[in-house]
Amino acid sequence: MTLSTELDRCVMCGMCSQHCPTYQLTADENESPRGRIALIAALNSKQLDADAHLQTHLKHCTGCRACEAYCPSGVRFGTIMNEAKALLPNLPAPSMPSPQTIRWLRLYQRSGLQKITRASGLLKPLGLAQKENLLPHIPDTPDWRSYYPAKPGISHCGDIALFTGCIANIFDREALDASRRLLNALGYGVHVPPTQSCCGAMALHNGQADEATALSQQNLDAFSKLDIQAIVHTASGCTAHLSEYSQQLPEEQGFVNKIKDISQFLNELEWPAHLSIAPLHKTVALHTPCSLQNVLRQADAPRQLLQRIPKLEIVPLVQSTRCCGGAGQYMLEQADFARQLREQTLDALNHISLMKKARQKIDTLVTSNLGCALHLAAGLRERGQAIVVTHPVALLAKQLKLIKGCG
Ligand code: SF4
Ligand code: SF4
């Protein structure tokens, strides 16, 4: 489908605008989905140049796709935006930290230099404080084995593949390890194909369609020969992109049909009687990432999964249906908008405590997307709030108890 055909579907009704986070922040039509579609249509027909004004309004879009979810005409705004980005000149390539950079950053944290630097306030005058504050704890990341069999003594239910991603493989390692352990405990063997790569979402969102297609192809090659029931992942932003590979490679619908958010997949299984989950006397706030809600359409999956933990009280963030601003590189490149959107989300978290809806003090925020987790955790650090941000599967795996010594 061409960009023009997709643009023509928009009847300019404006019903999407009230759901757009940037329009809600600014009340500026140029910052609404309808306004952006008008700008892109003018760019595509060469009535407008890709000048600074036009580029700014397109770059302010978080890519949350709330507009798409609420559009009565079925306009695929995500597709429009990806194609429009390819028309913009000089978009920066996505910057992924190299293994060497990760090693240096890990040393920076372990040596205690990070604590000293943060306490000194030296980074603020250099304009680096905000970026540095985004840096989460970097765990050890031992190499994956290519296959983890189901726990001995449990009937084998089949095989699953785990997508580990690029950034997620480092910063979402706890959730990935927890997923693997849970799947093994449920009777599934888990493949972790060593030749898989980044999902390609950041490349596509930066107008680099060829690079994105090459990464997609690498993943298709890595997973295609496996005899598996599903391909699961923990970061909903990447899972959402994997679930749309057939838009770039239409013949790959078979791969797409196997892609599942980990909570969704775990909810669909019948849990065997040998597994028991220890009660958790705690209240957690639940954040719903846009990618889970608007693309994967699995907004309720984490809540359903967490309900397996006895005594756990789950309180959804009211603001959760709106983008938190942690949209991949957005939190770095559009720091001002990202911060304003994050403040709204964190205010909603405080609101829960203030309204005493929760029986106990909230010390845990649960989210299913790594980008949101990093962004929200940085905001909580900035506010001096000691709230842990974690993944639903990581929380559940901690409560997992296996009877008959299978743990
Ligand atoms: S994208 Fe959909 S909801 Fe928004 S203005 Fe166009 S047709 Fe209306
Ligand atoms: S993707 Fe999100 S931020 Fe972008 S126009 Fe749509 S609703 Fe607004």
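1. Which strands does helix 11 (residues 173-185) lie across? In this predicted model, helix 11 lies across strand 1, strand 2, strand 3 and strand 4 (231-233). Its direction makes an angle of about 145° with strand 3.

2. The sheet itself deserves attention next. Its 5 strands form an open sheet in the order 1-3-2-4-5, and the pairing is mixed. Strand 1 (147-148) and strand 5 (259-261) occupy the edges; each has a single partner strand, so one side of each is left without a neighbour in the sheet. In general, strands of a sheet pair through backbone hydrogen bonds, in either a parallel or an antiparallel manner.

3. Within this sheet, strand 2 (residues 158-162) and strand 3 (residues 188-191) run parallel and are joined by 4 bridges. A reader who wishes to locate this pairing in the model may begin at Gly158, which stands opposite Tyr188 in strand 3.

4. As to the whole molecule, the protein chain contains 23 helices and 11 strands. Its radius of gyration is 21 Å, close to the 22 Å that the globule rule gives for 407 residues, and the chain is therefore as compact as a globular protein of that length. The C-alpha trace spans about 70 × 55 × 45 Å along its principal axes.

5. Burial and contacts complete this overall description. Of the 407 residues of the protein chain, 40% count as buried. Among contacts with a separation of 6 or more, 78% are accounted for by residues 24 or more positions apart.

6. Is Glu31 buried or exposed? Glu31 counts as buried because it has 21 C-beta neighbours inside 10 Å, the cut-off for burial being 20 or more. Glu31 is placed in the loop between helix 2 (21-26) and helix 3 (33-44).

7. The surroundings of Glu31 may also be listed. Leaving aside residues up to four places away in sequence, Glu31 touches Thr22, Tyr23, Thr26, His57 and His60. Leu58 is 27 residues from Glu31 along the chain, and the C-alpha atoms of these two residues are separated by 7.9 Å.

8. How many of the 8 residues of helix 8 (residues 113-120) are buried? The count is 0, and this helix is hardly covered. Gly121 follows helix 8 and has a positive phi, near 75°.

Methods: Residues numbered from 1 in each chain as written. Chains lettered and ligands numbered in written order. Predicted model: local features only at pLDDT ≥ 70, side-chain atom pairs only at ≥ 80, totals over all residues. Helix = DSSP H or I, 4+ residues; strand = E, 2+ residues; numbered from the N terminus. Buried ≥ 20, exposed ≤ 12 C-beta atoms within 10 Å, placed from the backbone. Contact = placed C-beta atoms within 7 Å. Rg over C-alpha atoms; globule rule 2.2 N^0.38 Å. Pairing = 2+ DSSP bridges. Axes fitted to C-alpha atoms, helices over the stretch in contact; angles between N-to-C directions.
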